[in-house]
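Colleague: I'm new to this one, so could you walk me through it slowly? Start wherever you like.

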Amino acid sequence: MYTETQIIKDTTQFSSNGHEGELVINVGPQHPATHGVLHLVITLNGETIKKVEPHLGYIHRSIEKMCESLTYRQFIYVTSRMDYLSAHMNNHACAMTVEKGLQIEVPPRAQYIRVIMDELTRIASHELWWGAMAMDLGAFTPFFYAFRERETINDIMEETCGARLTMNYMVPGGVMADIHPLFQQKVKDFIKLFKSKIDEYDELVTGNIIFQNRMKGVGLLSKEDAISYGCSGPVARGSGVSCDIRKLYPYEVYDKVAFDEVLENEGDSFARYMVRVREMHQSIRIIEQLIDNIPEGDFQAKTKAVLKLPKGEFYTRVETARGELGVYIVSEGGTTPYRIKFRSPGFSNLSALDHMARGSKIGDLMAMMGTLDLVIPDIDR
Amino acid sequence: MFSLEGITKSLQDWLYLNFNPTWALVIECLIVIVLAIALFAFLGLVLVLMERKVAAHMQIRLGPNRVGPKGMFQTAADTLKLIMKEGLTPDGADKFLFNLAPFVVMIVAMLILAPIAFAKGFQIWDINIGVLYVSAISSLSVIGILMAGWASNNKYSLLGAMRSGAQIVSYELSAGISILCIVVLSGSLSINEIIASQQNGWWLFKGHIPVIIAFVIFMIAVTAETNRAPFDLAEAESELTAGFHTEYSGMKFALFFLAEYINIFIVCAIGATLFLGGWMPFHIGNWQDFNHIMDYIPSSIWFFGKTFFLIFLIMWFRWTFPRLRVDQLLNLEWKYLLPISLFNLLLVTVIAIFGWHF
């Protein structure tokens, strides 16, 4: 065990590794810009960044190992705690993997509800990101505006799922409970409200000259680099990589709805920003198409009380708000998975940070981290 | 029409009547010191509360509303907390400089109060080079900030202090040149005479477009000089945690905090004095009745009203704009504001020479 003084000595040692004229700074694990417990060791020359080294492990809860001792019904709940802003999508991916293994046919009603919930979560997640992004750039006010609308989504979630953040709503075979009687009306109200407010976002932040100067041309990530770093989601789409799982490998009812895959080709911070803002519009479009057409029927398929996946390996992926989430289950035929692996989007997106940040200023590093939309529990698991 | 002039005058007469001149001066100084400190404490409380209320209004929330009616005593409660908190000095810090720095910043802020005319005939020191004095003293505050950043032995503090140094030294230039525009027009460095020259109209209205440009540049430059968002790079919460005062706690931190608000008040007071006529009432040409009604409003209300309007503007900036990057900040000053203000000064000089202003 370390004593306190030892730790302090260690960190100073850590920081004085730099060469002549270099300043090594530990950003995090407690820092306002890292939105969690990410630890970046940055090497500076004056204000210019020479190297960024992310250190992980501060919020590692060994979720993958834990899942090995939980049944196929139980382990889904743990995954809400990975990327807590896309809890629905995490649960969705896990439920889909189990359904794939057991070859359960999900009733159409459940499919519709799942997609609507996914898109609502995506909007909520992007809203939080939008507020936090502006805060990273030193503008505090957008955060409150973003939360005003996000609150409405959380209320809808609360009514239907009983929880606001870690919903645990998706179960193998469908959804846990039927939607609230007022659900459709509430969602329609939200869409109306959101459409009237989203232009306010552009007025407040997107069109601001300071904001544009801070975002345009910084944090460049070329298409090739985005692919080789394994980036996915809005980060890759900001570099012009077409990687939307909803479009390329449609699941549930995504092949029945019309929406566009948002692509920007610049590859800078502003492109990544615009991808997310435009994605919110697309999510609204998807919800609008589905909300009035939720078919009648079961909200859950009939499943056995104890789920046993056949021996083999199963893999599915979904598009979360941050990118591609893959769930890989190795089953030995028992009631619990033999091994489980999550391919989380945040980890790969973070790995591109060093490449993007070299040569830019400290302030831009924060902006880049903002556009990566990092959720630390998703990176560490 | 009542004014504070009578009070100060009768007080001075009474003192000189009853004491010999030396003692009268000493007593006057003591009164001024007490008043200045009281004004300081009061302004700190009011401005912090105002900032929080303005911020709350911009951010669709309520702001402090628990301590006292409408949260009016919130800052007093916060101050009490800060006084009782331990003022830590970090292990590796240069103890002398570390503890000196907040006082340097504070004293500088206090010194600038001297030539400001709060109301008609209500001024601590009517110095004939008032404007020069203000711009000279205000540039000293960077020393305190550099001291704090260097003595803290913290890399964030050092970066913040360096940024602050570069920023304040640069923006001093365009603020100074904007002030010069008014000096050129009024032909005097004395604050009182500058106010007197605005008897028939404020310089903002009298001086055509060049003075409006000077005013805009002045507001931008002083926002930067006081380290306020969008130029708050010295503190830059999301980048440098708290910048140059990262290591400060308790009352030492409070002094920095207070000095920031006092500095805002002072620069806004200077702005109001130079461009908006200080305590001069608002007059419109020959509208005798209107002008007469305006005259009935006490001069101190005019002064504080204008100052607080400018303070509100600066707060508005803070809660609207994102922060600039350090190189953009210096670009803005050296590539845009400085050349524009230099050219602007030329225009103002031409206007002053030919007497084209109203």
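Modeller: This is a predicted model, and a stretch of chain B makes a good starting place: residues 130-150 of chain B are 90% helix and 0% strand, with their end C-alpha atoms 32 Å apart.

Colleague: What does UniProt call residues 130-150 of chain B?

Modeller: The UniProt record, an unreviewed entry, annotates residues 130-150 of chain B as "transmembrane region", and the annotation also covers other spans of chain B, including 171-191, 253-276 and 336-356.

Colleague: How far apart are the ends of 336-356 of chain B?

Modeller: The end C-alpha atoms of residues 336-356 of chain B are 26 Å apart, and the chain over that span is 90% helix and 0% strand.

Colleague: Let me pick a residue, then. Where is Leu180(B), and is it buried or exposed?

Modeller: Leu180(B) sits in helix 7 of chain B, which runs over residues 155-186, and it counts as buried because it has 20 C-beta neighbours inside 10 Å, where 20 or more is the cut-off. Measuring from C-alpha to C-alpha in the model, Leu180(B) is 17 Å from Ile116(B), and the two are 64 residues apart in sequence.

Colleague: Switching to chain A, how many helices and strands does it have?

Modeller: Chain A has 16 helices and eight strands. Its radius of gyration is 21 Å, close to the 21 Å that the globule rule gives for 381 residues, so chain A is as compact as a globular protein of that length. The C-alpha trace of chain A spans about 70 × 50 × 40 Å along its principal axes, and buried residues make up 50% of its 381 residues.

Colleague: And which domains is chain A divided into?

Modeller: Chain A is divided into domain 1, residues 4-55, and domain 2, residues 63-380, with 31 Å between the centres of the two, taken over C-alpha atoms. Where they touch, domain 1 of chain A contributes 14 residues and domain 2 of chain A contributes 16 residues.

Colleague: Which element gives the most to the domain 1 side?

Modeller: That is strand 3 of chain A, residues 48-55, which gives seven residues to the side of domain 1 that touches domain 2. By class, this side of domain 1 of chain A has seven nonpolar, three polar and four charged residues.

Colleague: Does UniProt have a label for chain A, and what is it?

Modeller: An unreviewed UniProt entry places the feature "domain: NADH-quinone oxidoreductase subunit D" at residues 136-381 of chain A. Over those residues chain A is 48% helix and 10% strand, and the end C-alpha atoms are 24 Å apart.

Colleague: Now the two chains together: how many residues does each give to the contact?

Modeller: Chain B gives 23 residues and chain A gives 26 residues. On the chain B side, the elements that give two or more residues are helix 11 (237-240) and helix 15 (326-354), and the residues of that side divide into ten nonpolar, five polar and eight charged.

Colleague: What about the largest nonpolar core?

Modeller: The largest nonpolar core has 202 residues, and those with the most contacts inside it include Leu353(A), Leu365(A), Ala221(B) and Phe265(B). Helix 12 of chain B, residues 250-275, gives the most to this core, with 17 residues. Domain 1 and domain 2 of chain A both give residues to the core, so it lies between them.

Colleague: Which residues is Ala221(B) in contact with?

Modeller: Leaving aside neighbours within four places in sequence, Ala221(B) is in contact with Tyr171(B), Ser174(B), Ala175(B), Ser178(B) and Leu337(B).

Definitions and conventions. Residues are numbered from 1 along each chain as its sequence is written. Chains are lettered from A and ligands numbered from 1 in the order in which they are written. This is a predicted model: local features need pLDDT of at least 70, side-chain atom pairs count only at pLDDT 80 or more; totals for chains, interfaces and linings use all residues. Helices (H or I, at least four residues) and strands (E, at least two) are DSSP runs, numbered from the N terminus. The radius of gyration is taken over C-alpha atoms; the globule rule is 2.2 Å times the number of residues to the power 0.38. A residue is buried if 20 or more other C-beta atoms lie within 10 Å of its own, exposed if 12 or fewer, and partly exposed in between; C-beta atoms are placed from the backbone. Two residues are in contact if their C-beta atoms, placed from the backbone, lie within 7 Å. Ala, Val, Leu, Ile, Met, Phe, Trp, Tyr, Cys and Pro count as nonpolar, Asp, Glu, Lys and Arg as charged, and the others, Gly among them, as polar. A nonpolar core is a set of buried Ala, Val, Leu, Ile, Met, Phe, Trp, Tyr and Cys residues joined through C-beta atoms within 7 Å. Domain bounds come from an automatic or database domain assignment. UniProt positions are given in the numbering used here, feature names are shortened, and annotations may be inferred rather than shown by experiment.
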